[in-house]
Amino acid sequence: MIRRLFFLLPLLFFMHTSHAQTAADSARAESKRLMALYQQLQGTYQVQVINSRDKVEIPLQYMDNIVSMRQQNEVTYFYYPNKKNVRIMILPYSEIQSKDFVPVQQVAYITE
């Protein structure tokens with residue numbers, strides 16, 4: 001019984017350590033993927049702060065929202081869940097692919 005316990009403890013420790021390393025590698029890979037997507041999407045969306053001069057950060061998780069919400073011919077807006085005066089304007093594919101496309105600034109302060 002004691003021999004079995006001494007055999008199982010290192011095995012359990014190894015399994016736990018291996019799982020933690022896999023989770024850390026997965027988180028790093030996801031962060032790297034989102035940073036690459038962030039760079040690729042630059043100029044194709046704009047964070048708009050309405051009636052305020054608050055500084056805003058763009059969570060990397062929103063990059064997937066931008067991709068999934070982009071329309072072929074219509075500008076789309078995504079509002080920050082906790083800030084109703086902050087939205088992301090997502091330019092349509094037709095505008096981005098136009099030969100006259102001019103990338104937009106990342107942040108704009110708007111008075112309505």
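The paragraphs below walk through this structure, from its overall layout to a few pairs of side chains.

The model is a predicted one, and its chain is built from three helices and four strands. Reading from the N terminus on, these elements follow one another in the order α-β-α-β-β-α-β. Of the 112 residues in the chain, 26% count as buried. The chain exposes about 8400 Å² of surface, and carbon and sulfur atoms supply 58% of that area. If we look at contacts between residues at least 6 apart in sequence, we find that 59% of them join residues at least 24 apart.

A good place to begin the closer view is strand β2, which covers residues 76-79. Its side chains alternate, with Thr 76 and Phe 78 pointing to one face, where they are buried, while Tyr 77 and Tyr 79 point to the other face and are not buried. For Tyr 79, the relative accessible area is 38%, and the residue is therefore classed as partly exposed. Together with Val 75 and Tyr 77, Tyr 79 makes a nonpolar surface patch of about 260 Å².

Strand β2 also has a partner, since it pairs in the antiparallel sense with strand β3 (residues 86-90) over four bridges. The two strands form a hairpin, with six residues between them. Within this pairing, Tyr 79 of β2 stands opposite Arg 87 in β3.

Arg 87 leads us to the charged side chains, for a search of the whole structure finds three salt bridges. In one of them, the side chains of Arg 87 and Glu 112 meet at 3.6 Å, N to O. This pair links distant parts of the chain, as Arg 87 belongs to strand β3 while Glu 112 lies in the segment after β4 (107-110), and the two residues are 25 apart. The partners differ in how much of them can be reached from outside: Arg 87 has a relative accessibility of 11% and so counts as buried, whereas Glu 112, with a relative accessible area of 64%, is exposed.

Where do we find Glu 30 and Arg 33, and how far apart are they in that element? Both belong to helix α1 (residues 2-41), and because they are three residues apart there, about one helical turn separates them. These two residues form a salt bridge in which the closest N and O atoms are 2.8 Å apart. Glu 30 is partly exposed, with a relative accessible area of 34%, and Arg 33, at 36% relative accessibility, counts as partly exposed too.

Arg 33 has a second partner, Asp 64, and the side chains of these two residues meet in a salt bridge of 2.8 Å, N to O. Here Asp 64 sits in helix α2 (residues 62-69) and Arg 33 in helix α1, so the pair ties together parts that are 31 residues apart in sequence. Asp 64 is partly exposed as well, its relative accessible area being 30%. Taken together, Glu 30, Arg 33 and Asp 64 are linked in a network of salt bridges.

Key. Residues are numbered from 1 along each chain as its sequence is written. This is a predicted model: local features need pLDDT of at least 70, side-chain atom pairs count only at pLDDT 80 or more; totals for chains, interfaces and linings use all residues. Side-chain values use heavy atoms; hydrogens and water are left out. Buried means under 20% relative accessible area, exposed over 50%, partly exposed in between (1.4 Å probe, protein chains only). Contact means heavy atoms within 4.5 Å. Accessible areas come from the Shrake-Rupley method with a 1.4 Å probe; for residues, only the protein chains shown count as cover. Two strands pair if DSSP finds at least two bridges between them. Patches are made of residues with over 30% relative accessible area and no salt bridge: like charges are joined within 9 Å, nonpolar side chains (Val, Leu, Ile, Met, Phe, Trp, Tyr) within 5 Å. A salt bridge is a side-chain nitrogen of Lys or Arg within 4 Å of a carboxyl oxygen of Asp or Glu.
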